[in-house]
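Q: Hi! I'm new to this one and would love a friendly walk through it. Can you put it up on the screen?

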Amino acid sequence: MDGAIEIRLVGPDDFALVTEVRGIFDNPPIPEQTRNFLASDREFLWLAFCDGEITGFVSATSILHPDKLPHLFVNELETREGFRRRGIATRLMRTVQDYGKAQGLWPIWVAAEGDDAQAIAFYRSLGDMEERGATVFEWE
C-alpha cells in the first residue's frame, strides 16, 4: 500500500469502472443514475487510485443561480478504510479546488453534518476554507 496515488476525473467512458466499484460508495451504483451522472456536464466525479485500486472519491456539482456565477458544491468525499490518513482526501479536495479555479467554478463549498466530528476536523485541517455557521434541514 505504498504506491503512488493517482487522481482522475472520470466520465461517460468510465461507466463500467464506476458501476463495478464496491465498498466505496454508500450504496451500489444504480446503472441509469450512474450513466446520467457521468454524462452530465454539471456533475463531476474524481477517483483516487493506488496501485490500480480505487481508494477514494470526491463528487461535486456545478451550481447555477440567476444572480451568481457558477460555483461548485462538494457532494461527498470518501477514502476507503485502510487508505485513510495518507493524504488521499486532501489530494482529492485540492484537485476539486484546482479544477474549480481553472474552470471558473468558484467559490467551492461543502457541508458537514454537525455531529460528524471527523469530517469537520478534516475540513478545518485544510486551513484555507472559511467556516460558516449553518443549519442544514433535510426531508427524508
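A: Sure, let's start with a turn. In the hairpin of β2 and β3, there are 2 residues between the strands, and Asp51 has a positive phi near 50°. Keep in mind as we go that this is a predicted model.

Q: How many bridges join β2 to β3, and do they run parallel or antiparallel?

A: They run antiparallel, and 8 bridges join them. To pick out a bridge partner, Phe44 is matched with Ala60 in β3.

Q: And what about β3 and β4, how many bridges there?

A: β3 and β4 are joined by 9 bridges and run antiparallel. A hairpin links β3 to β4 through 2 residues. Within this pairing, Val58 stands opposite Leu77 in β4.

Q: Which way does β5 run against β4?

A: β4 and β5 run parallel, with 3 bridges joining them. Val74 has Val110 in β5 as its bridge partner.

Q: Can we zoom out? In what order do the strands form the sheet?

A: The order is β1-β2-β3-β4-β5, in an open sheet of 5 strands with mixed pairing. β1 and β5 are at the edges with a single partner strand each, so one side of each has no neighbour in the sheet. On average, neighbouring strands are turned by 25° against each other, direction ignored.

Q: Nice. What does α3 touch when it packs on the sheet?

A: α3 touches β1, β2, β3, β4 and β5, and its direction makes about 165° with that of β4. Helix α2, residues 31–39, lies across β1, β2 and β3, and runs at about 100° to β2.

Q: Back to α3: how far apart are its end C-alpha atoms?

A: They are 22 Å apart. With 16 residues at 1.5 Å a residue, α3 should span 22 Å, so the two agree.

Q: Which residues of α3 are buried?

A: Ile88, Ala89, Leu92, Met93, Val96, Gln97 and Gly100 are the buried ones. The cover over them includes β1, β2, β3, β4, β5 and α4. After α3 comes Gly104, with a positive phi near 70°.

Q: So what is in the largest nonpolar core?

A: That core has 23 residues, and Trp46, Val58, Leu77, Leu92 and Met93 touch the most other members. The elements giving two or more residues to this core are β1, β2, β3, β4, α3 and α4. The most comes from α3, with 5 residues. As general background, nonpolar side chains tend to be buried together in soluble globular proteins.

Q: You mentioned Leu77. What is it in contact with, sequence neighbours within four places aside?

A: Leu77 is in contact with Phe57, Val58, Ala89, Leu92, Met93, Phe122 and Tyr123. Apart from the core we just discussed lies another one of 10 residues, including Val21, Leu38, Ile54 and Phe57.

Q: Switching topic: how many aromatic pairs does the structure hold?

A: It holds 5 aromatic pairs. One of them is Phe25 with Phe57, a tilted pair with 4.7 Å centre to centre and 55° between the planes. Phe25 sits in the loop between α1 and α2 and Phe57 in strand β3, so this pair ties together parts 32 residues apart in sequence.

Q: Are those two buried or exposed?

A: Phe57 is buried, at a relative accessible area of 1%. Phe25 counts as partly exposed, at 22% relative accessibility.

Q: What about Phe44 and Trp46, how far apart are their ring centres?

A: Their centres are 5.9 Å apart and their planes are at 25°, so the pair is stacked. Phe44 is buried with a relative accessible area of 8%, and Trp46 counts as buried at 2% relative accessibility. Ring pairs link Phe44 and Trp46 with Tyr99 into a cluster.

Q: One polar residue before we go: where is Ser59?

A: Ser59 is in strand β3, residues 53–65. Ser59 is buried, with a relative accessible area of 8%. Beyond its neighbours within four places in sequence, Ser59 is in contact with Phe37, Phe44, Leu45, Phe73, Val74, Asn75 and Glu76.

Q: And where is Trp106?

A: Trp106 is found in the loop between α3 and β5. Trp106 is partly exposed, with a relative accessible area of 40%. Leaving out neighbours within four places in sequence, Trp106 is in contact with Pro70, His71, Gln97, Gly100 and Lys101.

Definitions and conventions
Residues are numbered from 1 along each chain as its sequence is written. This is a predicted model: local features need pLDDT of at least 70, side-chain atom pairs count only at pLDDT 80 or more; totals for chains, interfaces and linings use all residues. Side-chain values use heavy atoms; hydrogens and water are left out. Helices (H or I, at least four residues) and strands (E, at least two) are DSSP runs, numbered from the N terminus. Buried means under 20% relative accessible area, exposed over 50%, partly exposed in between (1.4 Å probe, protein chains only). Contact means heavy atoms within 4.5 Å. A nonpolar core is a set of buried Ala, Val, Leu, Ile, Met, Phe, Trp, Tyr and Cys residues joined through side-chain atoms within 4.5 Å. Two strands pair if DSSP finds at least two bridges between them. Axes are lines fitted to C-alpha atoms, for helices over the stretch in contact, and angles run from 0 to 180 degrees between N-to-C directions. The expected span of a helix is 1.5 Å times one less than its number of residues. Rings of Phe, Tyr and Trp (its six-membered ring) pair if their centres lie within 6.5 Å; planes under 30 degrees apart count as stacked, over 60 as edge-to-face and the rest as tilted.
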